[in-house]
Amino acid sequence: MRILISYEESYRAYSDALERAIGGLHPDAEVAACRLAEIGEQLESFEPHLVVSSGPNTVDPGGRAAWYRLSPEPDEPSEACLGGRRWRRLNPPLEDLLSFIDEVEAFVGSGGELGGC
């Protein structure tokens with residue numbers, strides 16, 4: 001499982017913390033981080049199963065990765081997409097993201113198609 005974390009430079013500390021937390025809690029996953037401005041290049045070279053980002057999927061709409069838009073602002077909703085199914089939630093706890101990672105991993109393991117996000 002490959003997870004790409006992508007945030008604006010101004011949220012670098014947040015991105016670094018997520019990278020460490022996810023890497024520590026999912027040691028078998030490959031976790032990488034990049035600035036939001038570099039996400040297109042990273043999608044091509046890293047080929048993630050899941051992108052955790054502060055922004056929506058504008059680089060590869062309907063693309064090949066599951067997407068979790070984790071809003072850095074607590075009053076803005078976060079969104080998740082897996083296999084074309086979408087969810088929205090206001091200020092989700094870290095446990096929601098970790099649960100979503102497990103769901104993506106199971107989906108990929110079962111041969112599910114990640115497109116539509």
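These exercises work through the contacts between side chains in a predicted model.

**Exercise 1. Which cysteines are joined by a disulfide, and what is its handedness?**

Step 1. Start with the cut-off: two cysteine sulfur atoms must lie within 2.5 Å.

Step 2. Apply it. The sulfurs of C81 and C117 are 2.1 Å apart, and a disulfide joins them. The count by this rule is one disulfide.

Step 3. Place the two ends. C81 sits in strand β5 (residues 77-82), while C117 is in the segment after α3 (94-109), so the bond ties together parts that are 36 residues apart in sequence.

Step 4. Take the torsion about the S-S bond of C81 and C117. It is about -80°, so the disulfide is left-handed.

Step 5. Check the surroundings. C81 and C117 are both buried.

**Exercise 2. Why does C34 form no bond with C117?**

Step 1. Find the closest cysteine sulfur to that of C34. It belongs to C117.

Step 2. Compare the distance with the cut-off. The two sulfurs are 18 Å apart, which is too far for a bond; the limit is 2.5 Å.

Step 3. Is C34 buried or exposed? Its relative accessibility is 8%, so C34 counts as buried.

**Exercise 3. How many salt bridges are there, and which parts does the R35 and E9 pair tie together?**

Step 1. Give the total. The count comes to ten salt bridges.

Step 2. Look at one of them. R35 and E9 meet through their side chains, at 4.0 Å from N to O.

Step 3. Locate both residues. R35 belongs to strand β2 (residues 30-35), and E9 to the loop between β1 (2-7) and α1 (12-25), so this pair ties together parts that are 26 residues apart in sequence.

Step 4. Check exposure. R35 has 38% relative accessibility and counts as partly exposed. E9 has 41% and also counts as partly exposed.

Step 5. Widen the view. A network of salt bridges links E9, R12, D16, R35 and E38.

**Exercise 4. Are the residues of the D60 and R64 bridge, and of the E76 and R69 bridge, buried or partly exposed?**

Step 1. Take D60 and R64. Their closest N and O atoms are 3.4 Å apart, and they form a salt bridge.

Step 2. Read the accessibilities. D60 is at 25% and counts as partly exposed. R64 is at 38% and counts as partly exposed.

Step 3. Take E76 and R69. This salt bridge also has its closest N and O atoms 3.4 Å apart.

Step 4. Read again. E76 is partly exposed at 34%. R69, at 13%, is buried, because buried means under 20%.

**Exercise 5. Which residues form one aromatic cluster, and how are their rings arranged?**

Step 1. Count the pairs. The structure holds three aromatic pairs.

Step 2. Take Y68 and F100. Their ring centres are 5.3 Å apart and their planes meet at 55°, so the pair is tilted. Y68 lies in strand β4 (residues 66-69) and F100 in helix α3, so parts 32 residues apart in sequence are tied together.

Step 3. Check burial. Y68 is buried at 6% relative accessibility. F100 is buried at 5%.

Step 4. Take W87 and F100. Here the centres are 5.7 Å apart and the planes are at 80°, so the pair is edge-to-face. W87 lies in strand β6 (residues 85-90) and F100 in helix α3, so the pair ties together parts 13 residues apart in sequence.

Step 5. Add exposure for W87. At 36% relative accessibility, W87 counts as partly exposed.

Step 6. Put the residues together. Y68, W87 and F100 make up one aromatic cluster.

Notes
Residues numbered from 1 in each chain as written. Predicted model: local features only at pLDDT ≥ 70, side-chain atom pairs only at ≥ 80, totals over all residues. Heavy atoms only, no water. Helix = DSSP H or I, 4+ residues; strand = E, 2+ residues; numbered from the N terminus. Buried < 20%, exposed > 50% of the residue type's maximum accessible area, 1.4 Å probe, protein only. Phe/Tyr/Trp six-rings, centres within 6.5 Å; stacked < 30°, edge-to-face > 60°.
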